[in-house]
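Dear colleague,

Please find below the structure that I am handing over to you. I would be grateful if you would look through it with the notes that follow.

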Amino acid sequence: MSLRAKFITAIMILLFFLVAAMLFLIERREEKAIFEEQKSKGVLTAKNIAYLNLEPFMFWDAEGVERNIQENIDQKLLYVAFFDQYNRPFAASDFAEKYEQIFKVSHLKGPVDENTYFFQTKEIQYNDNKNLISVLEIEVPVFTRGSSTKWGSIKIGLSLEDMQKEIKQTRFMLILIGLGGLLVGIGGAVFLSNRIAGPIKKLVDGTVRISRGDFSKKIKVSSQDEIRQLAESFNEMSRQLLLAKKRMEVANKKLIQAEKLASIGRISASIAHEIRNPLTSANLNIQKVLQSDKLEELEREHLDLSQEGIGHIEKFIKELLDFTRISELNMERFSIQEIIEESVKMISDSLEEKKIKLRTDFQENLPSLYVDGDKIRQVILNLLRNALEAVDKGGRIQISATLLKEGEKNAVKMEVMDNGSGIPNQERENIFEPFYTTKSSGIGLGLANAQKIIEQHQGSIRVKESEEGGACFEIILPVEGDK
Ligand SMILES: Nc1ncnc2c1ncn2[C@@H]1O[C@H](COP(=O)(O)OP(=O)(O)OP(=O)(O)O)[C@@H](O)[C@H]1O
Ligand SMILES: [Mg+2]
C-alpha cells in the first residue's frame, strides 16, 4: 500500500467516525428539542381549551363542553377529556369516550398548582385506521378565576406524526450535511496527500534512478519544506557521487596509463640495453670504413644511408628512454620567456629553411616559474617541432605567455599556435597517447612526453583549434609549483 493510499484511508476512517459521532449527538439534541417544543405546545393547547370551556365546565354543562370540544378535534388534536376535581370523568370527545383508558383515568391525583402537568407518549389505534399512531398525552389542572383550588383537569391527545416527520427530515438533513462534510474531508485528504506524498514520490523516483547509476537528472520538488531540503541534499549527494565517479574514472585511466608506461619502460630498457652496444659498434665500424679512400661513390652512398638509419634508431631509443624513465625533477626558478626564447633558437635553422614566420608575445612582468627548466624546454621544443612539421612553406607560428589569476593562485598560460593542417576532432583524444603518430617517420612520443612532464609540474596541457584553422596547444603551469 502506497503512502498516499495509507494517508487517505486513515483520514477517511477518522473522518467517518468523527462525523458519525457528531451527527449522533446533534440528532439526539435535535430530537429532544423538538419533543420539548411539542410538549410545551401541548400544555399550551390544553390550557387554551380549558380556558375556552371554563364557563360550561363551571356550570357543569357536560353537553356544552362535549359539543365545544368535538368541534376542535382534527388531524393533530386526537381527543380531549375533562375530569372533575375528584378525578372522575366529566366530558370527553367521541373518540376518548370509546377508550376507557383515556376517558376514565386521570393522572393528576394529589396536590397540584398552575405549573403541574402530566405527560406520556403511547401508541393507539385511531378510528378505523389499522396502523398504530404515536400520541403525546398531556393532562393539566383547571382552576377557576382567582382560586388556587383545582376545579378539575383536562387531558388531550396530540398526534406525534408531524413531529416524527420533522425529526425524520432533520435526520435526513443531518445525514446530507454529514455526507457533504465527509466528501469535502476526503477531497481535502486527497489534496493534502498529493501535497505530501507527491514530492515524496518524486524523491523516491529520484533515488531509484540514482541507485541505478543515472546521475543526470536532478530531483525537482517545488514545496517549501523539509522534503525540499531532503531533495536538495539528495541532489548535492548525487552531484558529489557523480564527481567522485568522474574522478575515479580519471584516476583509473591514469592508473592504466601508468601501468602501460611501466611495462613499456621495462621492455624498452631491456631492448635499449640489448640494441645500444651492437648499434654503437656498427656505427663506429661504418665510420671507420667511410674514412677509407678506396670506396666507390655508390658504396659511400649506401653507407651514409645505413648511418642515417642507425641515427634514427638511436633517436627512437633516446626518446623511448626519456619517456619511460621516471626521473626526479630538477626544480629551480626560471624565466618562462627565456626558456621559450632558447627553444626557438634551437629550431631557428629549420624555421629559416622553411621560411616560417615565428612571433612571440609575452605579457609584461611575468613572474618567474619554479620548474625543471630542461624539461619545460623539451616540452616547448616538442610543440614547436610539431608546429613546424604541420605548417606549409611560409607558414606562421605564434607563441604567447600570459598571467592567469585564479583567486589566490597564479598561473602562467602558454599557447603555441600554428596555421598548419590542424587536428581533426576525432583525433584530438588520441594525440597524447604514446606511439600515436600520423607521420611516416614519427615515433608518436613527443606529446605523450610533453603531457607527462606538464603533469609532473601539476600543470595541464590541452589542444584547441587555433584562430587560423591550425592547432593551438595550451599549457597552464602554476607559478609556485611544488616548492
Ligand atoms: N601542430 C600540429 N598540427 C597538426 N597536427 C599535430 C600537431 N601537433 C601534433 N599533431 C598530431 O599529433 C600527432 C602526435 O604528435 P607527437 O608529437 O606526439 O608525435 P609525432 O610528432 O608524430 O612524432 P614524434 O614522436 O617524432 O614527435 C602527430 O602525429 C600529428 O598527427
Ligand atoms: Mg612530434
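The notes below take up the ligand, the cores, the two groups of paired strands and one helix residue in turn.

Please bear in mind throughout that this is a predicted model.

I begin with the ligand. The shell around ligand 1 is made up of 22 residues, and the closest of them are Asn-386, Ala-390, Thr-437, Gly-442 and Gly-446. Two elements, α11 (373-390) and α13 (446-456), give two or more residues each to this shell. Helix α11 gives the most, with 4 residues. By type, the shell around ligand 1 divides into 10 nonpolar, 10 polar and 2 charged residues.

Helix α11 returns in the interior of the model. The largest nonpolar core holds 36 residues, of which Leu-383 and Val-416 touch the most other members. At least two residues of this core come from each of α8 (297-324), α9 (336-346), β8 (369-371), α11, β9 (396-406), β10 (409-418), α13 and β12 (471-478). Here too α11 gives the most, with 6 residues. Which residues does Leu-383 contact, leaving aside its neighbours within four places in sequence? They are Val-416, Ala-450 and Phe-473. Apart from this core lies another, of 28 residues, which includes Phe-57, Val-65, Phe-83 and Val-135.

Several of the strands named above belong to one sheet. This open sheet has 5 strands in the order β7-β9-β10-β12-β11, and its pairing is mixed. The strands at the edges are β7 (357-362) and β11 (460-465); each has a single partner strand, so one side of each is left without a neighbour in the sheet. From one strand to the next, the twist averages 20°. Within the sheet, β10 and β12 are paired in the antiparallel sense over 7 bridges. Met-414, for example, has Ile-475 in β12 as its bridge partner. Helix α11 packs on the sheet, where it touches β9, β10 and β12, and its direction makes about 25° with that of β10. Helix α11 therefore appears in three settings: the ligand shell, the largest nonpolar core and the packing on the sheet.

A second group of paired strands centres on β1 (residues 77-84). Is this strand mostly covered or mostly open? It is mostly covered, as 6 of its 8 residues are buried. Strand β1 runs antiparallel to β5 (residues 150-159), and 7 bridges join the two. In this pair, Leu-77 stands opposite Leu-158 in β5. Strand β1 also pairs with β2 (residues 89-92), again in the antiparallel sense, over 3 bridges. Phe-83, one of the members of the 28-residue core, stands opposite Pro-89 in β2. The hairpin of β1 and β2 has 4 residues between the strands, and Asn-87 takes a positive phi near 65° in this hairpin.

Lastly, I draw your attention to one residue of helix α9, namely Met-346. Why does Met-346 count as partly exposed? Its surroundings hold 13 other C-beta atoms within 10 Å, whereas a residue is buried only with 20 or more and exposed with 12 or fewer. The C-alpha atom of Met-346 is separated by 51 Å from that of Ser-238, and the two residues are 108 apart along the chain.

Yours sincerely

Note on methods. Residues numbered from 1 in each chain as written. Chains lettered and ligands numbered in written order. Predicted model: local features only at pLDDT ≥ 70, side-chain atom pairs only at ≥ 80, totals over all residues. Near = placed C-beta within 6 Å. Nonpolar A, V, L, I, M, F, W, Y, C, P; charged D, E, K, R; others polar. Core = buried A, V, L, I, M, F, W, Y, C linked by C-beta atoms within 7 Å. Contact = placed C-beta atoms within 7 Å. Pairing = 2+ DSSP bridges. Axes fitted to C-alpha atoms, helices over the stretch in contact; angles between N-to-C directions.
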